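Q: I'm new to reading protein structures. Could you take a close look at one part of this one with me, and then show me how the rest is laid out?

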Amino acid sequence: MKIVIIGASAAGISAAKTIKASEPDTEVVIIAKEDRVHSRCMLHKFLGHERDVKGISFIADDFFETSGITWLNNTTVIGLDTQKKTVKTHDNQDISYDKLLIASGASYFIPPIPGLRESKNVYGFRDLKDAQLLDSECNTAKNAVVIGAGLVGMDAAVAMMERGLKVTVIEMTDAVMSLQLDQKSAQAYQQRFEEHGAAFILNDKVVSVDVDEVGRGKAIHLASGKVVPADVIVIAAGVRPAFGFITGSGIDTNHAILVGDDLQTNIDDIYAAGDVTGIAGIWPNAMKQGRIAALNMLGEKRSYEDRYALKNTVNFFGLTTLSLGNINPEPEENCEIFICEDRHNYQKVVLKNGVVQGVIIQGNIGGTGFWQYLIKNKIDISGKNKDVFGLSYADFYDQDQQTGEYRYAV
Amino acid sequence: MNTNFSCKTCASADQKLETFISNLSVDTSHHRMEGQSVKCGFGLQGICCRLCSNGPCRITPDGPKGVCGATADTIVARNFLRAVSAGSGCYIHIVENTALMLKKTAASKGVLKGKVALAKLAEIFAVDEADEHVRAEKIADMVLADLYKPDYVKMELVEKMAYKPRFDRWKELGILPGGAKSEVFAGVVKTSTNLNSDPVDMYLNCLKLGISTGLYGLTLTNLLNDVMLGEPSIRLAPVGLRVIDTDYINIMITGHQHSIFAYLQDRLIQDDVIEKAKAVGAKGFKLVGCTCVGQDLQLRGEHYQEVFNGHAGNNFTSEAILATGAIDAVLSEFNCTLPGIEPICDELKIKQICLDDVAKKANAEMKPFVFEEKESQSNDIIDSVIEAYQARRGVVALNMDADHGNDDTLTGVSEGSLKSFLGGTWKPLIDLIVKGEIKGIAGVVGCSSLTAGGHDVLTVNLVKELIAKDILVLSAGCSSGGLENVGLMSPSAASQAGSKLRAVCESLGIPPVLNFGPCLAIGRLELVATELAEAIGVDLPQLPLVLSAPQWLEEQALADGAFGLALGLPLHLGLPPFVTGSPVAVQVFTQDMLNLTGGQLIIDDNAQSAAQTLDAIIEKKRKELNI
Amino acid sequence: MKRIIIDREKCDGCLNCNIACISAHEEGSNFYTVNMLSPDAETRNFIKFDAQKGYLPIFCRHCDEPECVLSCMSGALEKDPLTGHVQYDESKCAACYMCVMNCPYGVLKPDKRTRTKVIKCDFCDDKVDGPSCVKACPKKAIEVKEVSL
């Protein structure tokens, strides 16, 4: 059997590994538009010169050779023939498959703001190519502007600060990383960034960009009337699933490729995993989807149930934070909020009817993995009769006598 | 994030204190409980032995004996006797210093404020001297002579002090103590490597140490102090963090040896010293009570209204008192002077002076008290406290809690003041007991610990249960500090008592929990019990009287407990004293003791069930007395 | 694969397993010399106490389907196909702590001094005489046993 995988990030590589571990004889072809495999979560380490290209890979150097996988890099898929079961590449190859996994991820988009799309010095921060282009800009630029203070924007900001640029972050909402943090925990990061030289403009948005004679954006005009000078601009205003090449293939989509619990699309033998499905959201989920799609392509019947994507960890300047679930409930949701705070920690637990809706653990996050289980599985903790901040896995301790693995006693 | 040291502090019966501590930016015992929450089971059971280099040996299914062959019973008994010996040593140190102080005070014709106490001791000791100073010196000499006897020579005052039926029983059991200091020595020797391995012999030895500790370390220390410092008298006084007055130069005192402060506390209110304070912007000096010596000052507070501001809190409140920022110096002479105060004092620029090297703190100035130099020493202390005051006030932030505590804690209760209050006779109390208006008496004593639910938690909950059952509670030790701060020693607490006890309290205007002061006053409780038994004509174990040290903390408490068992009283502890790994220990303490002394150990960390057990014992004793 | 099997009933909370783990990861130290106060002293196993259940030893299971490995975006965490143990390559780790978030049993933690790496059981590098914690347990509450994957 021959399995073709489009995309070489979390879902694609995880699928390839799973296939080769289970059935080494299966032929696997990975097609990727990038030059090399890299972890996008480490791009800031590359841009900040903390690691080189090799250092942000998440596979062994000889992964493709030792596992016998055909690796087609710098190759863009431009079409798909579901009848003939082939994919067409930019260099006009038709590559046949028995089963196909689309793990082509997502790509950033530039909002339609006058001057922004036209500027040659506007970059996303999505893959290695973006980081490499930004890297050379950083050699000469002095002022950097990051549009969007989400995790990606903050990653880009910290890397450019590392390179000695004066970084200004512009954000529409009133706090940084507002999807992951609440006001208080966001403030802790903003303060650390500012101490290291960054400037933040919150509650404001870009209305236009002045483009100079060589086509570079030089001044960014904000709704407030402020003008921010820029030598390089990073746009971090969100991403969209990338699947333009399936147009006309008959695969069902809305804003993303639609898949069932088995991660198969409406077309037999074509699966999708990772950001392109819109249900991944985050690296660990993409990895899991890649693994499950692979097992299903090999004939198993696994279903993907872990659709819980409201989770993240943040680590800037040694301040670590775990964020899960609904951390900023609206008053009408009638949630109870518990806060525990000291000079090294800020913890917030959102409860509704005894069920944990969300947590923020900022500071010491050791041993906090159990929270995700509680939230994902809607465990009622009211019976524990205990300070929520004293909870740990010990409160749900149970073991499988046969395997010695832990379970949850709930 | 805020500036709080940590958001994990242990619970406290005193809600205001719990909140105060949880908001502190300094580390306290209450914070450190979290990091010590998992306890080693071997340690808890007392089955870890570190007496030789073959160890530490621990009793396990595969290793049921130590390398030397010691069983769990032997290991537990050795550990326990060592602890009791150390605890006894602590109290004997206190009575030795107190007797020496009385001897020197008397010899130098110093002031003796407690005429009644002096007369009482002279009567017990059969000292017939007209001159009060000669009389006092003789009494001190008799105490010292006993303390310094070898262990093979019995102490002479035991028979004079002890209730006759008890003395006879002790004699039968062969547990009359020799010289109290030597007995500590003997206990330590006996428990060393490959010496005594007989658990029963060692537990009897504990009782012996209990007797010397109780009669000398506790009872006599009180009475000797009363001679020098004045007898307690009943009054209402303020307690809690509210007693600290920021207008004054404040000195917190910790320890157990009130007489060491005798000269200083008078000196602090003399005009020239007050002038010195005024010169640096303060109104004068105040002593802020903490730990047992604070209780001692509170007990005798009638004599020290000007210099003593009140008792702020017990052992595990000391860090919080310092964290108010309004204390300028700590004078310490014994426990409980927690090592945890050291970094707080450093951070808040609080001067630390130790007056007795047994309680030397790492970063404190050592100034061993010398009787002959007390004038110059006091002046030096005053000067260095003023210096600290000038360096820190205005610089160190204040964090007061004027809401904490209350103004109407009934204090000054002693065997003497209580009897006077009752009209000079125990009859009214005995009548109330006989009629069942007061069902019985519980001496709730000892320390606070942070286990057993948290700071003062079991003590307070148990006392609430007991008074609800019409049992009058007498308290001595840090337990008093906790009980007074939560208002159980205020007359209004009568409303929390059962209907009969409530009526008694309301008619007399007293709370259902009487404050005898420091742990030393456990000796006063013994005097009360003895006088009651004498008046009724029974032995102590027959009285409807129980003891509880719900939150016993340290080795001294174990020596006190041994005294309680020697007296033949039922003794409740919240947590076991590291003996449950030995079946023999459990048997001896919970069963066999009944036949030996009439005493009995009850271990229970649940306030409700413990109160039920104690109540049942009182009921049983009432029945046996046909009342 | 070999797994540390826990008999929680036997645990007495002495924390010898903590000391053993810290010592095993402090080069050249032993039970006498291990520096418990070093900022780098970190234990990879935990004993929790519960009033009802007693002592609860929490040790890395080197899970059959390890959530930590699945969540790792740097390739630092890998399940060794031969030993079955989840190995950690500190040089690859990007300290994103997705693994801390995803370990359902709360075994993983960031290092407390630098917050640049993960503290995780390495099965004492599969030494012949087994993990240090197991050897140090006086009650045999933890023992290495072969379990089928």
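A: Let's start with a word we'll need: a residue counts as buried if 20 or more other C-beta atoms lie within 10 Å of its own. Keep in mind that this is a predicted model.

Now for our close-up, helix α1 of chain C, which covers residues 16-24. Is this helix enclosed or open? Eight of its nine residues are buried, so the helix is largely enclosed by the rest of the structure. If you want to find them in the picture, the buried ones are C:N16, C:C17 and C:N18, then C:A20, C:C21, C:I22, C:S23 and C:A24. And what do those buried residues of α1(C) pack against? Their partners are two helices and a strand of chain C: α4 (123-126), α5 (132-136) and β8 (142-146).

With that word in hand, step over to chain A. Here, 46% of the 410 residues are buried. Chain A holds eight helices and 25 strands. Its C-alpha trace spans about 70 × 55 × 40 Å along the principal axes. How does that fit with a compact globule? A globule of 410 residues would have a radius of gyration near 22 Å, and chain A has 23 Å, which agrees. You can also ask how far along the sequence the contacts reach. Take the contacts in chain A between residues at least 6 apart in sequence: 60% of these join residues at least 24 apart.

Chain A also meets a neighbour. Nine of its residues are in contact with eight residues of chain B. On chain B's side of that meeting, three residues are nonpolar, five are polar and none is charged.

Chain B itself is split by the domain assignment into domain 1 (72-229), domain 2 (241-392) and domain 3 (409-624). Let's look at where domains 2 and 3 of chain B come together. Their C-alpha centres lie 31 Å apart, and 16 residues of domain 2 are in contact with 17 residues of domain 3. On the domain 2 side, α13 (291-299) and β6 (308-313) of chain B each supply at least two of the touching residues. The largest share, seven residues, comes from α13(B). Sorted by class, that side of domain 2 has four nonpolar, ten polar and two charged residues.

So, back to where we began: α1 of chain C is largely enclosed, with eight of nine residues buried, and it's a good one to rotate on screen while you look for α4, α5 and β8 of chain C against its buried residues.

Notes:
Residues numbered from 1 in each chain as written. Chains lettered and ligands numbered in written order. Predicted model: local features only at pLDDT ≥ 70, side-chain atom pairs only at ≥ 80, totals over all residues. Contact = placed C-beta atoms within 7 Å. Nonpolar A, V, L, I, M, F, W, Y, C, P; charged D, E, K, R; others polar. Buried ≥ 20, exposed ≤ 12 C-beta atoms within 10 Å, placed from the backbone. Helix = DSSP H or I, 4+ residues; strand = E, 2+ residues; numbered from the N terminus. Rg over C-alpha atoms; globule rule 2.2 N^0.38 Å. Domains from an automatic or database assignment.
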